[in-house]
Amino acid sequence: MRTPMRRRALVGLAIIASALLLPSLAMPTAQATIAPFGREFLWGVASSGFQSEGRAPDSNWTRYIETGMAGDDYENSVDFYKRYISDINLAAHLGVRVYRIGIEWARIQPQPDTWDETAFGFYDNVIARILATGMRPMLTLDHWVYPGWAADRGGWRNPGMVEDWLANMRKVVNRYASRNPLWVTFNEPAAYIGTELRIGAITPDEAPAMLDRIAQAHNAIYDTIHQNMPDAQVTSNLGYVAGAETEVNQPLVDRIADKLDFIGVDYYFAPLPETNKAVQGGSNEGPAIWELPIHTEGIYYALRHYAQLFPDRPLYVVENGMPTEDGKPRADGYTRSDHLRDTVYWLQRAKSDGMNVVGYNYWSLTDNYEWGSYTPRFGLYTVDVRTDPTLTRKPTDTVDAYRGIIQSGGVPTSYHPTRPPVECGLVDPPDSCDETVAVP
């Protein structure tokens, strides 16, 4: 059996080029004030289908697990399938305005010519519950999982995968467009490709074709969504790769740039200080995910990168959070609530500096199956799948912190991050050194 995945798959079509560690020569930006976000700001929580639902039907990922390619047994994950009402209520009690879920292709289309109305009914009920509690659904169409029959046809190696994918996703869009969701077509496409490489579902020579097919599918379903909802908001969230974003994600961005209504950015980690190489999703080498460097000012540079690239588009942090090992305190002493407050400070700085930041989703509401392992814990509510058969949701310190942030529209104007910015070359070089942001 292969060892469990030790880091979150953030990127990876190929080996990512190193960037030189640059000294902090640039003058810091002058702007250092922050203000609360207005009532229109979209605070949210994020989840995915396979990672949280449990009771999984045949798919590429159930097969990866069954064959020992993916680490931990899946069990029923945190069983969102049976506990969605209580989980949605937990989110509503936080005061969030957006709840992100996935619509699992493998669940609703178990055979090439068969759609399961009971499975659709599950998502009907989930979305209705989100709306009933005053939140807006954010629907992810593809979060790295496809049906077993699609895997039998070759998965993304198959040129027909695009039409197979679209046949299902058009049914999803036609069914749920009237609910006015925010749309995510593909979750972190470069990391999706990197994960399929890591598992062995595609070879490096096949990765460019997978990228092209994802772009084709995104562009086609974007048109379908807008035929149903002319004012729809659609993105494909990009797993930001500090120090190598252009090399990793720009090939996809170039293919779909005209069909992004807002820019969805996921941000987690800084480059490894030993090598200054960006985190790569195609490998199990290197530190465990909870040992990867975290510098919250990096989210400012990630947002600035896309604000400069797309000055006319809103920016939405679709995923952000901090992992711990089995819920234990981090070795560096950084708490989840301090990480959240520090991150929100930098979001407010970005907004004050003119970036059109419109939303933020915390990853994730509960702990879940992190693509091969239950050891990394990201949840606002922790769930011990391995030892607690009741799957009790236990609040972390971040629950009260996030609720207070939402009520106040952010951190106070006098807030100083618990961890000041580090040398610019450790964050997102060269951009973080060309124009460095500082805390007064």
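Here are legends for five close-up views of this structure, which is a predicted model. Local features are described where pLDDT is at least 70, side-chain atom pairs count only at pLDDT 80 or more, and totals for chains, interfaces and linings use all residues. Residues are numbered from 1 along each chain as its sequence is written, and side-chain values use heavy atoms, with hydrogens and water left out.

**View 1. Start with the open sheet of nine strands.** Strands here are DSSP runs of E with at least two residues, helices are DSSP runs of H or I with at least four residues, and both are numbered from the N terminus. Read across, the strand order is 5-4-3-2-1-10-8-7-6, and the pairing is parallel. At the edges sit strand 5 (234–235) and strand 6 (238–239), each pairing on one side only. Two strands count as paired if DSSP finds at least two bridges between them. As a bit of background, strands of a sheet pair through backbone hydrogen bonds, either parallel or antiparallel.

**View 2. Now zoom in on strand 2 and its two neighbours in the order, strands 1 and 3.** Strand 1 (residues 42–46) runs parallel to strand 2 (residues 98–102), and three bridges join them. Look for Val45, whose bridge partner in strand 2 is Tyr99, and for Ala46, which is partnered with Arg100. Over on strand 3, five bridges make the parallel pairing with strand 2; here Val98 has Arg136 as its bridge partner. Strand 2 itself is mostly covered, with five of its five residues buried (buried means under 20% relative accessible area, exposed over 50%, and partly exposed in between, using a 1.4 Å probe and protein chains only). That goes for both faces: Val98, Arg100 and Gly102 lie on one side, Tyr99 and Ile101 on the other.

**View 3. Strand 7 (residues 263–267) is another covered strand, with five of its five residues buried.** One side carries Ile263, Val265 and Tyr267, the other Gly264 and Asp266, and all of these are buried. Strand 7 pairs with strand 6 in the parallel sense over two bridges. To find one of the partners, go from Gly239 to Asp266 in strand 7.

**View 4. Helix 8 (residues 189–199) is tucked away, and helices 9 and 10 are among its packing partners.** Eleven of the eleven residues of helix 8 are buried, including Tyr192, Glu196 and Arg198. They pack against helix 2 (60–66), strand 3 (136–142), strand 4 (182–186), helix 9 (207–228) and helix 10 (245–256), where contact means heavy atoms within 4.5 Å. Just after helix 8 comes Gly200, with a positive phi of about 100°. Helices 9 and 10 also pack against each other, at an angle of about 35° and with their axes 9 Å apart. On the helix 9 side, Leu211, Asp212, Ile214, Ala215, His218 and Asn219 meet Pro251, Leu252, Arg255 and Ile256 in helix 10.

**View 5. Last stop: the disulfide between Cys424 and Cys433.** A disulfide is a pair of cysteine sulfur atoms within 2.5 Å, and by this rule the count comes to one. The sulfur atoms of Cys424 and Cys433 are 2.0 Å apart. Which hand does the disulfide have? It is right-handed, because the torsion about the S-S bond of Cys424 and Cys433 is about 100°. Both Cys424 and Cys433 are buried.

How values were computed: Axes are lines fitted to C-alpha atoms, for helices over the stretch in contact, and angles run from 0 to 180 degrees between N-to-C directions.
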